[in-house]
Amino acid sequence: MHPVDSLDDELRRSYPSLRGMPDSLLAGAGWAGIQILEAGAGSGLFHEGQPCAGFPLVLGGEIQVARNSGDGRCLELYRVGPGQVCLVSAAGLLSRRPLAAQGTALRDVRLAMVAPEVFDEWNDHPPFRQFIFGVFAERLTDLIAVVDAVAFQRLDQRLADYMLKGARHVHATHQNLADELGTVREMVTRLLNRFETLGVVKLRREHIEIVDPGGLRAIAAGRAPVRRGSRLADDAV
């Protein structure tokens, strides 16, 4: 099979919105504007504040998109896998503004980098345009949920809610959890120690066991239970 045909099939298979795109847009002269890139885990793919060099279509691996604070903290915004869209890149290309976040390969990645002028042409294809703006709508809903959590929930509630989304055993460092919640490690450590005092978790190195899911759900709902026989000052965060 010709390499162009192979890439054509791979793109259409990973991104169904491209299946009905005319060959004149997806192939032909457009191939000159699509570059296949491969990067190892931990590699920086794009950086906050820089112009967007192209639109990445992930064919393999996973990219973490995150923002860094001035004090070195990192907040993950989302991850991009095969068939998914990097909205930071799309927003940068549509607005012609610098990138608002950075992208790092979590695992070895293979992607097709679509040149800005080709991305503009693809947006003339209704299924692709609807796909892009549909993902924007989904992410906006997610963003509203995050804003609600930050604005209206205490940090102990957010931490409990985050832990309940996984398994009974959470394998993560306190720094990992702090990065996920957009706070500092010391605050997470303080709250986890409080949860252990309440008897809802057991703490070990890079391992948290949820021993009382019901108690953790109560914390997430703002009704922190006090273990029988213990005294706990009101420790609102």
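Select helix H6 (residues 155-164) and helix H8 (residues 185-198) in this predicted model. Their axes lie 10 Å apart, and the two helices pack at an angle of about 75°. That angle makes H6 roughly perpendicular to H8, because values from 65 to 115 degrees count as such.

Next, show the side chains where the two helices meet. On the H6 side, pick Leu155, Asp156, Leu159, Ala160 and Met163. On the H8 side, their partners are Met187, Val188, Leu191, Leu192, Arg194 and Phe195. Colour this contact by residue type: nine of its residues are nonpolar, two are charged and none is polar.

Stay on H6 and look at how it is covered. Seven of its ten residues are buried, so the helix is mostly covered, buried being under 20% relative accessible area. The buried residues are Leu155, Asp156, Gln157, Arg158, Leu159, Ala160 and Met163.

Now turn to the nonpolar cores. In soluble globular proteins, nonpolar side chains tend to be buried together. Here the largest nonpolar core has 40 residues. To find the residues with the most contacts inside this core, select Leu11, Leu18, Phe55, Leu57, Val65 and Trp122. Then add strand E7 (residues 109-114), which gives this core its largest share, five residues. A second core, separate from that one, has 21 residues, including Leu191, Val200, Ile219 and Ala220. Leu191 has already appeared on the tour, as one of the H8 residues that meet H6.

The next stop is a single residue, serine 17. Select the loop between helix H1 (3-14) and helix H2 (23-26) to find serine 17. Is serine 17 buried or exposed? Its relative accessibility is 12%, so serine 17 counts as buried. Which residues is serine 17 in contact with, leaving aside its neighbours within four places in sequence? They are His125, Pro127, Phe128 and Phe131. Draw a distance from the C-alpha atom of serine 17 to that of phenylalanine 128: the separation is 5.1 Å, although the two residues are 111 residues apart along the chain.

Finally, display the whole protein. Its secondary structure comes to nine helices and ten strands. Of the 237 residues, 41% are buried. Among contacts between residues at least 6 apart in sequence, 69% join residues at least 24 apart. Switch on the surface to end the tour: the protein exposes about 12,700 Å², of which carbon and sulfur atoms supply 52%.

Notes. Residues are numbered from 1 along each chain as its sequence is written. This is a predicted model: local features need pLDDT of at least 70, side-chain atom pairs count only at pLDDT 80 or more; totals for chains, interfaces and linings use all residues. Side-chain values use heavy atoms; hydrogens and water are left out. Axes are lines fitted to C-alpha atoms, for helices over the stretch in contact, and angles run from 0 to 180 degrees between N-to-C directions. Helices (H or I, at least four residues) and strands (E, at least two) are DSSP runs, numbered from the N terminus. Angles under 35 degrees count as roughly parallel, over 145 as roughly antiparallel, 65 to 115 as roughly perpendicular and the rest as oblique. Contact means heavy atoms within 4.5 Å. Ala, Val, Leu, Ile, Met, Phe, Trp, Tyr, Cys and Pro count as nonpolar, Asp, Glu, Lys and Arg as charged, and the others, Gly among them, as polar. A nonpolar core is a set of buried Ala, Val, Leu, Ile, Met, Phe, Trp, Tyr and Cys residues joined through side-chain atoms within 4.5 Å. Buried means under 20% relative accessible area, exposed over 50%, partly exposed in between (1.4 Å probe, protein chains only). Accessible areas come from the Shrake-Rupley method with a 1.4 Å probe; for residues, only the protein chains shown count as cover.
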